[in-house]
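Grab a pencil and work through these exercises with the structure open beside you. Try each task before you read its solution.

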Amino acid sequence: MSTTILDVAKHAGVSATTAKRAIRHPDKLKPETLARVQKSIDELGYEPDQLASALRSGRNTTIGLVIGSIVEPFFAELTREIGVAVREKGYTLLIADNEYDSKLESSHLHQFHGNRVAGIILRAGYGSSNLEYLKTLKERGTALIEVDNFYPDSPFSHVMLDNAGAVKMGVDYLKSLGHKRIASLGTFDEILWPDERCTAFPKVMAEVGLDLPETYKRIISPKAEDGYELTKTLMSLDNPPTALFAQTGHVATGALRALHEMNIKIPEDVSLLSFDNYPWTELVTPAISVISQPVKDMALAAVENLMQDIELIKDKKQPPVVRQRFEAVLIKRESCTAPKRDLVIR
């Protein structure tokens with residue numbers, strides 16, 4: 001049978017109220033009383049029932065985090081940094097991935113609400129919007145912030161990369177090397193992939209005076225396998241691109257595999273530029289040029305904003321809507337160079 005707070009109180013020779021105060025408000029007890037209760041807690045192995053506490057108070061010290069993909073290194077790093085920051089604030093973290101699917105995301109959101117989480121950090125998925133349920137959660141006292149992607153017309157705070165600026169940085173760099181045939185590994189689609197980078201790419205290409213052939217426009221999910229298939233398709237065209245711009249690091253891994261299989265050399269036959277400065281990008285030969293995201297800064301900003309909102313909600317105040325954008329950094333390595341010759345696939 002589990003040890004209860006009443007067992008702790010009896011063992012320490014104090015009232016149940018005093019035992020509870022030792023856990024919730026230790027600063028309000030005399031040092032000797034607090035030490036006696038803490039000793040009893042240790043000796044009995046007492047652990048507070050967080051769910052019961054949440055049900056009584058309507059909220060607990062747990063944060064729910066929904067990421068896009070648990071196998072995507074960007075989200076692994078983001079989760080680690082959020083986890084560290086959350087623990088430093090005295091909260092625990094529940095983690096789920098929506099696999100970029102808003103239907104799966106909906107299930108996670110309901111489960112988080114059932115656990116009475118104090119706040120949710122959400123990387124919104126693709127598909128039918130969960131905005132109405134998110135608004136309901138907010139009305140019920142759950143703090144919310146979106147990160148990396150957000151629903152169109154979302155009324156919530158968010159933390160984002162300056163995606164349009166990052167895409168322009170990448171296209172400008174490739175154009176400066178002499179590339180005119182540049183293909184994005186990922187094309188905007190209002191339902192399947194309503195991604196800011198993919199929205200920005202054709203606009204940026206037009207702004208800098210470069211054509212974007214219809215044959216280069218292919219809708220894919222942000223997964224390695226889709227990057228692999230699209231790269232094979234693009235590089236088999238009569239006029240293949242001289243530069244590939246992967247919109248996620250995971251897509252870039254698929255592109256790299258396809259190029260190796262097709263015996264297409266980087267950068268002699270095609271240049272490869274990718275988002276996300278993953279460890280492997282500087283270990284392969286040639287090392288991959290990347291658009292690096294300030295993941296730690298974004299994670300800390302998301303947690304800080306969420307914690308402020310939680311405190312405001314506790315005081316029955318309306319949290320402000322805060323929307324932050326972070327700048328990317330271009331890291332030039334060996335995978336991008338001037339186009340040297342037209343590629344012929346045999």
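**Exercise 1: One helix, end to end**

Task: check whether the span of helix H8 (residues 163–176) agrees or disagrees with 1.5 Å a residue.

Solution. Start with the count: H8 has 14 residues, which at 1.5 Å a residue should span 20 Å. The expected span is 1.5 Å times one less than the number of residues. Now look at the end C-alpha atoms of H8: they are 20 Å apart, so the two values agree.

Before going on, two notes on what you're looking at. This is a predicted model, in which local features need pLDDT of at least 70 and side-chain atom pairs count only at pLDDT 80 or more, while totals for chains, interfaces and linings use all residues. Residues are numbered from 1 along each chain as its sequence is written, and side-chain values use heavy atoms, with hydrogens and water left out. Helices (H or I, at least four residues) and strands (E, at least two) are DSSP runs, numbered from the N terminus.

**Exercise 2: The buried side of H8**

Task: find which residues of H8 are buried, and where they lie around the axis.

Solution. First, the cut-offs: buried means under 20% relative accessible area, exposed over 50%, and partly exposed in between (1.4 Å probe, protein chains only). In H8, the buried residues are Asn 163, Ala 166, Val 167, Gly 170, Val 171, Tyr 173 and Leu 174. They cover an arc of only 160 degrees around the axis, so they sit on the same side of H8. The arc is taken from the directions from the helix axis to the C-beta atoms. Here's the general idea: an α-helix has 3.6 residues a turn, so residues three or four places apart point the same way. Just past the helix, H8 is followed by Gly 178, whose phi is positive, near 105 degrees.

**Exercise 3: Build the sheet**

Task: work out the order of the strands in the open sheet of six, and which strands are at the edges.

Solution. Two strands pair if DSSP finds at least two bridges between them. Take the pairs one at a time:

- Strand S1 (residues 62–67) and strand S2 (residues 92–97) run parallel and are joined by six bridges; Thr 62 has Thr 92 in S2 as its bridge partner.
- Strand S3 (residues 119–122) and strand S4 (residues 143–147) run parallel with four bridges, and Ile 120 is partnered by Leu 144 in S4.
- S4 and strand S5 (residues 157–161) pair in the parallel sense over three bridges, with Ile 145 opposite Ser 157 in S5.

Put together, the order is S2-S1-S3-S4-S5-S10, with parallel pairing. The edges are S2 and strand S10 (323–326), each pairing on one side only.

**Exercise 4: Follow the crossovers**

Task: find the handedness of the β-α-β unit made by S1, helix H5 (residues 73–88) and S2.

Solution. Point the strands away from you: a crossover is right-handed if the path from the first strand over the helix to the second runs clockwise. By that test, the unit of S1, H5 and S2 is right-handed. Next, look at S4, where five of five residues are buried. Ala 143, Ile 145 and Val 147 point one way from S4, Leu 144 and Glu 146 the other way, and all are buried. The chain gets from S3 to S4 through helix H7 (residues 131–139), and this β-α-β crossover is right-handed.

**Exercise 5: Odd spots in the loops**

Task: find which peptide bonds to Pro 267 and Pro 286 are cis or trans, and how exposed Arg 116 and Lys 316 are.

Solution. Begin with the prolines. The bond from Ile 266 to Pro 267 is cis, with omega near 0 degrees, and Pro 267 lies in the loop between helix H11 (249–261) and strand S8 (271–275). The bond from Thr 285 to Pro 286 is cis too, with omega near -5 degrees; Pro 286 is in the loop between S8 and strand S9 (289–292).

Now the positive phi values. Arg 116 isn't a glycine, yet its phi is about 55 degrees. With 25% relative accessibility, Arg 116 counts as partly exposed. Lys 316 has a positive phi near 60 degrees, and at 78% relative accessible area Lys 316 is exposed.
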